[in-house]
Amino acid sequence: MTLWRQVLAVLNDPDAAAREKVLAAGAAELAHARRSDDRPADPDEVCRIALEEFGVLLDSATAAAVLRVRRRP
């Protein structure tokens with residue numbers, strides 16, 4: 001299942017397993033895509049996007065962990 005299908009699925013299921021991690025991954029992907037420079041996204045940016053786009057408060061540790069895994073070259 002693609003990331004965006006997973007994001008839509010967990011948005012519609014508040015009890016979904018790994019919900020926070022999936023939403024953090026989606027927010028991280030958006031943060032990377034919206035960068036206009038070569039700097040990587042940071043956890044605060046991922047948390048802000050998760051709140052604005054998904055209406056979800058993310059833990060900064062979760063955002064940082066997802067960024068370590070989803071690092072763009």
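## A tour of the four-helix chain, starting at arginine 35

Select arginine 35 to begin: its side chain reaches the backbone oxygen of arginine 39 at 3.5 Å. Keep in mind that you are looking at a predicted model, so each distance on this tour is computed from predicted coordinates.

**Stop 1: around arginine 35**

With arginine 35 still selected, find it in the loop between H2 and H3. Now show the side chain of glutamate 45 as well. The side chain of arginine 35 makes a polar contact with the side chain of glutamate 45, at 2.8 Å. Widen the selection to the contacts of arginine 35, leaving aside neighbours within four places in sequence, and you will pick up Pro40, Ala41 and Glu45. Is arginine 35 buried or exposed? Arginine 35 has 18% relative accessibility and therefore counts as buried, since the cut-off for buried is under 20%.

**Stop 2: the whole chain**

Zoom out and switch to a cartoon view. You should be able to count 4 helices and 0 strands, and from the N terminus on the elements run α-α-α-α. The radius of gyration is 11 Å, close to the 11 Å that the globule rule gives for 73 residues, so the chain is as compact as a globular protein of that length. If you turn the C-alpha trace along its principal axes, its span comes to about 35 × 25 × 20 Å. Colour by accessibility next: buried residues make up 41% of the 73 residues. Contacts are worth a look here too. Of those between residues at least 6 apart in sequence, 45% join residues at least 24 apart.

**Stop 3: helix H4**

Select residues 60-69, which form helix H4. Begin at its N-terminal end, where aspartate 59 acts as a cap. A side-chain oxygen of aspartate 59 lies 2.8 Å from the backbone nitrogen of alanine 61. Which residues of H4 are buried? They are Thr62, Ala63, Ala64, Val66 and Leu67. Bring up helix H2 (19-34) and helix H3 (43-54) alongside, as these are what the buried residues of H4 pack against. While you look down the helix, a general point may help: an α-helix has 3.6 residues a turn, so residues three or four places apart point the same way.

**Stop 4: leucine 67 and threonine 62**

Stay in helix H4 and pick leucine 67. Its relative accessibility is 2%, so leucine 67 counts as buried. What does leucine 67 touch, not counting residues up to four places away in sequence? Show Ala28, His32, Ala41, Asp42, Pro43 and Val46 to see these partners.

Next, pick threonine 62, also a residue of helix H4. With residues up to four places away in sequence again not counted, threonine 62 touches Glu20, Lys21 and Ala24. Add alanine 24 as a reference point and draw two C-alpha distances. From threonine 62 to alanine 24 the separation is 7.0 Å, although the two are 38 residues apart along the chain. From leucine 67 to alanine 24 it is 8.6 Å, across 43 residues of chain.

**Stop 5: the largest pocket**

Turn on a surface and look for the largest pocket, which has a volume of about 190 Å³. To outline the pocket, select its lining: Leu3, Gln6, Ala18, Lys21, Val22, Ala25, Thr62, Ala65, Val66, Val69 and Arg70. Helix H1 (3-11), H2 and H4 are the elements that each give two or more residues to this lining. Which of the elements gives the largest share? H4 does, with 4 residues. Colour the lining by class and you will find 7 nonpolar, 2 polar and 2 charged residues.

**Last stop: alanine 18**

From the pocket lining, which includes Ala18, narrow the selection to that residue. Alanine 18 is found in the loop between H1 and H2. With a relative accessible area of 48%, alanine 18 is partly exposed. Check the backbone here: phi of alanine 18 is near 60°, a positive value in a residue other than glycine. For context, most residues other than glycine have a negative phi.

Definitions and conventions. Residues numbered from 1 in each chain as written. Predicted model: local features only at pLDDT ≥ 70, side-chain atom pairs only at ≥ 80, totals over all residues. Heavy atoms only, no water. Buried < 20%, exposed > 50% of the residue type's maximum accessible area, 1.4 Å probe, protein only. Contact = heavy atoms within 4.5 Å. Polar contact = N/O pair within 3.5 Å; in protein donor to acceptor, adjacent residues only side chain to side chain. 1 Å grid on protein atoms, 1.4 Å probe; cavity = no way out; pocket = protein on both sides within 12 Å on 5 of 7 lines; lining within 4 Å. Points joined across faces, edges and corners; volume = space filled by probe spheres on them. Nonpolar A, V, L, I, M, F, W, Y, C, P; charged D, E, K, R; others polar. Rg over C-alpha atoms; globule rule 2.2 N^0.38 Å.
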